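Please open the model in a viewer and keep the selection tool at hand. The tour below proceeds from one selection to the next and states what is found at each stop.

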Amino acid sequence: MLRNQLFKQIGYKVESRKYRVESTGCKVESTCFKVLLVFFVVFLTAFKIDDASFKIAKVKYNGGGDWYANRTALPNLIAYFNSIFSAKIAPQDAVVEVGSQELFNYPFVYLTGHGNISFTDAEAKNLRNYLIAGGFLHLDDNYGLDKFIRVQMKKVFPELAFQELPSSHPIYHQKFKFPQGLPKIHEHDNKRPQGLALIYKGRIVCFYSYESDLGNGWEDFGTYPEDTKERREQALKMGVNLLQYVLTN
């Protein structure tokens with residue numbers, strides 16, 4: 001179930017129907033009607049969006065890179081998100097292979113790592129179909145990811161190029177405000193952080209946090225001694241903005 005099914009307001013249209021009630025002693029105002037009304041209320045309540053529990057997933061890929069990096073990052077981000085919003089994400093992230101049909105079960109998937117990444121043609125096609133259908137991919141630049149992931153994403157969307165989002169973009173102005181754009185969390189090559197996006201038919205399908213390393217900031221505090229509490233909080237807040245934007249647009 002993708003994001004547009006999870007978080008966009010659902011409307012119910014009730015058709016006007018006339019029912020012929022046979023002479024059984026059951027009137028419209030009677031218990032028969034009350035039972036139907038209770039059933040209808042229970043039915044609608046069962047589909048309240050605020051009660052939905054869903055998962056987000058980390059992408060497993062081939063090529064030799066450590067797709068499993070940042071082990072504590074997503075659970076910590078989920079816990080932070082759930083402490084703020086009533087719509088709950090399942091506390092433990094899933095793992096999904098890039099070529100699997102299970103990919104379509106998750107409105108938001110996260111890909112990181114330091115080494116080589118390789119998509120087969122079938123995997124690239126599956127990822128493209130997922131993103132076009134309403135899914136969202138967050139690429140998080142761990143050191144060494146960049147030179148591999150750009151090539152692989154060209155397989156997925158050969159017609160698209162990464163565009164830097166301006167600091168005025170709504171993704172930086174959700175629950176938390178980032179007037180300067182993507183925050184710098186972890187140093188790589190002494191370059192400025194950039195929030196890059198692939199935009200398909202007017203919709204962001206992929207956000208690439210480049211030279212920022214948000215996932216390092218989401219990990220348990222103390223994992224990286226040079227990352228302060230303030231940086232970790234900035235990373236978590238930016239992660240919340242990403243999830244909020246993805247799940248409501």
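In this tour, a residue is called buried when its relative accessible area is under 20%, exposed when that area is over 50%, and partly exposed in between. The model is predicted.

**The sheet**

Begin with the strands in cartoon view. Seven strands make up an open sheet with mixed pairing, in the order β4-β2-β5-β6-β9-β8-β7. Its edge strands are β4 (94-97) and β7, each of which pairs on one side only. Next select β7 and β8, an antiparallel pair joined by two bridges. One residue to label here is Glu 164, whose bridge partner in β8 is Leu 196.

Now add helix α4 to the selection. This helix lies across β5 (109-111), β6 (137-140), β8 and β9, and runs at about 115° to β9.

**Salt bridges**

The model has five salt bridges, and three are visited here. Which residue forms a salt bridge with Arg 128? Select Glu 159: the closest N and O atoms of the pair are 2.9 Å apart. Arg 128 belongs to helix α4 (residues 121-132), whereas Glu 159 sits in the loop between α5 (146-156) and β7 (163-164), so the contact ties together parts that are 31 residues apart in sequence. Arg 128 is partly exposed, at 23% relative accessibility, and Glu 159 is also partly exposed, at 45%.

Return to Glu 164 and display its side chain together with that of Arg 192; the two meet in a salt bridge of 2.7 Å, N to O. Glu 164 lies in strand β7 and Arg 192 in the loop between β7 and β8 (194-200), so this pair ties together parts that are 28 residues apart in sequence. Glu 164 has a relative accessibility of 38% and counts as partly exposed.

Then select Glu 211 and Lys 184, a salt bridge in which the closest N and O atoms are 3.2 Å apart. Glu 211 is in the loop between β9 (203-210) and α6 (214-218), while Lys 184 is in the loop between β7 and β8, so parts that are 27 residues apart in sequence are tied together. Is Glu 211 buried or exposed? With a relative accessible area of 2%, Glu 211 is buried; Lys 184, at 25%, is partly exposed.

**Aromatic residues**

There are eight aromatic pairs in the model. Among them, Trp 67 and Tyr 68 form an edge-to-face pair, at 5.6 Å centre to centre and with 80° between the planes. Trp 67 counts as buried at 18% relative accessibility, and Tyr 68 as partly exposed at 39%.

Select Phe 108 and Phe 136 next. Their ring centres are 5.8 Å apart and their planes meet at 20°, so the pair is stacked. Phe 108 lies in the loop between β4 and β5, and Phe 136 in the loop between α4 and β6, so the pair ties together parts that are 28 residues apart in sequence. Both Phe 108 and Phe 136 are buried.

For the last stop, select Phe 162, Tyr 208 and Tyr 210, which form one aromatic cluster. Which side chain lies over the face of Tyr 210? Adding Arg 150 to the view shows it in that place, at 5.3 Å from the ring centre.

How values were computed: Residues are numbered from 1 along each chain as its sequence is written. This is a predicted model: local features need pLDDT of at least 70, side-chain atom pairs count only at pLDDT 80 or more; totals for chains, interfaces and linings use all residues. Side-chain values use heavy atoms; hydrogens and water are left out. A salt bridge is a side-chain nitrogen of Lys or Arg within 4 Å of a carboxyl oxygen of Asp or Glu. Helices (H or I, at least four residues) and strands (E, at least two) are DSSP runs, numbered from the N terminus. Buried means under 20% relative accessible area, exposed over 50%, partly exposed in between (1.4 Å probe, protein chains only). Two strands pair if DSSP finds at least two bridges between them. Contact means heavy atoms within 4.5 Å. Axes are lines fitted to C-alpha atoms, for helices over the stretch in contact, and angles run from 0 to 180 degrees between N-to-C directions. Rings of Phe, Tyr and Trp (its six-membered ring) pair if their centres lie within 6.5 Å; planes under 30 degrees apart count as stacked, over 60 as edge-to-face and the rest as tilted. A charge sits over a ring if NZ of Lys or CZ of Arg is within 6 Å of the ring centre and within 35 degrees of the ring normal.
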